[in-house]
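Q: I have just opened this one and would like a quick tour. Can we go through it together?
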Amino acid sequence: MSSILELVAGLALAAAAVFFVLRPVLSPPPADVDAPVTMDEEDPEDDLSPRSVALWALKEIEFDRATGKLSDADYDALNAKYTAEALAALRSDTAAVPGPESPAARPRAVVPIAGSVCPTHGVRPEANAKFCSACGRRLSNATGFCGKCGTALPPDARFCAVCGRRVAA
C-alpha cells in the first residue's frame with residue numbers, strides 16, 4: 001500500500017510541475033498586462049516624421065559604413081540624399097513653428113581676439129597701439145577690467161589691485 005501511495009504522490013507532483021510550466025503557454029495573458037511589441041507591429045512611440053526618418057537614415061548609413069557594409073561611393077551618394085532630406089525637413093519644421101527669432105538674427109557670442117583692449121570700447125583694430133583711438137585710454141592685453149575703476153586685470157585676479165573690489169569669476 002505504501003508504494004502505491006508514493007506512486008500517486010509522485011504522479012501528482014509531476015502533474016503539478018507540468019501544469020506550472022505550461023500555464024503561461026496555454027492561458028492568455030491577463031487583460032491589464034500590455035502585450036510586448038513585436039517587430040511586425042508599429043510602436044506608438046516611433047516618430048515617423050520626415051525629420052526623424054531622415055536623421056535615422058543618416059545614422060544608419062554612418063553605422064553601415066563604419067561596419068564595412070557600405071562602400072565609400074555608396075555612402076557619399078546616400079549621405080547627400082539623406083542630408084538634403086533632413087535639411088528640407090528641418091527647414092519646414094522651423095518655418096512651421098514660430099520662434100522668437102530666426103537663427104540668423106540671434107546674437108552671436110563675441111570671442112575676444114588677442115591684442116590691445118580698451119575697457120570702454122573693447123578690442124581695437126589698430127596694430128601695436130598703446131592708446132585707444134576713440135577715447136585715449138591706455139590699452140591693455142588683459143582679459144578683464146574692474147567694474148568699479150576700469151583697471152585692467154590679469155586673468156587670474158580675484159581682486160582689483162587699485163580699488164580692492166572683488167572680481168567676478
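**A charge and a ring**

A: Start with R65 and Y75: the charged end of R65 sits over the ring of Y75, 4.3 Å from its centre. Keep in mind that this is a predicted model.

Q: What else does R65 do, say with D72?
A: R65 and D72 form a salt bridge. Their closest N and O atoms are 3.2 Å apart.

Q: What lets two side chains pair like that?
A: Side chains of opposite charge can pair when their charged atoms come close.

Q: How many salt bridges turn up in the whole structure?
A: The search finds 1 salt bridge.

Q: Is R65 buried or exposed?
A: In between. R65 has 34% relative accessibility, so it counts as partly exposed.

Q: And D72, buried or exposed?
A: D72 is partly exposed too, because its relative accessible area is 48%. The cut-off for exposed is over 50%.

Q: Let's zoom out. How many helices and strands are there?
A: The protein chain has 3 helices and 4 strands.

Q: In what pattern along the sequence?
A: The pattern reads α-α-α-β-β-β-β.

Q: How much of the chain is buried?
A: The protein chain has 169 residues, and 14% of them count as buried.

Q: What about contacts between residues far apart in sequence?
A: Take the contacts between residues at least 6 apart in sequence. Of these, 20% join residues at least 24 apart.

Q: Which residues make up the largest nonpolar core?
A: There are 8 residues in it: A54, A57, L58, I61, L70, Y75, Y82 and A86. So Y75, the ring under the charged end of R65, is one of them.

Q: Which elements give two or more residues to this core?
A: Two are listed: α2, which spans 50–66, and α3, which spans 72–96.

Q: Which one gives the largest share?
A: That is α2, with 4 residues.

Q: Why would such side chains gather?
A: In soluble globular proteins, nonpolar side chains tend to be buried together.

Q: Pick one core residue. What is A86 in contact with?
A: Leaving aside neighbours within four places in sequence, A86 is in contact with A54, L55 and L58. A54 and L58 also belong to the core.

Q: Any aromatic pairs? How many does the search find?
A: It finds 0 aromatic pairs in the whole structure.

Q: Change of topic: cysteines. How many disulfides are there?
A: A search of the whole structure finds 0 disulfides.

Q: Remind me, what is a disulfide?
A: It is a covalent bond between the sulfur atoms of two cysteines.

Q: Is C160 buried or exposed?
A: C160 has a relative accessible area of 5%, so it is buried. The cut-off for buried is under 20%.

Q: And C163, buried or exposed?
A: C163 counts as partly exposed because its relative accessibility is 30%.

Q: What about A161, where is it found?
A: A161 is in the segment after β4. With 78% relative accessibility, A161 counts as exposed. Its C-alpha is 9.2 Å from that of C146, and the two are 15 residues apart in sequence.

Q: Where does G164 lie?
A: G164 also lies in the segment after β4, the strand at 152–153. At 43% relative accessibility, G164 is partly exposed. G164 and C149 are 15 residues apart in sequence, and 9.7 Å separates their C-alpha atoms.

Q: One last glycine. Where is G136?
A: G136 lies in the loop between β2 (122–123) and β3 (144–145). Its relative accessible area is 42%, so G136 is partly exposed.

Q: How far is G136 from C118?
A: They are 9.1 Å apart in space, C-alpha to C-alpha, and 18 residues apart in sequence.

Key
Residues numbered from 1 in each chain as written. Predicted model: local features only at pLDDT ≥ 70, side-chain atom pairs only at ≥ 80, totals over all residues. Heavy atoms only, no water. Core = buried A, V, L, I, M, F, W, Y, C linked by side-chain atoms within 4.5 Å. Buried < 20%, exposed > 50% of the residue type's maximum accessible area, 1.4 Å probe, protein only. Contact = heavy atoms within 4.5 Å. Disulfide = S-S within 2.5 Å. Phe/Tyr/Trp six-rings, centres within 6.5 Å; stacked < 30°, edge-to-face > 60°. Lys NZ or Arg CZ within 6 Å of the ring centre and 35° of its normal. Salt bridge = Lys/Arg side-chain N within 4 Å of Asp/Glu carboxyl O.
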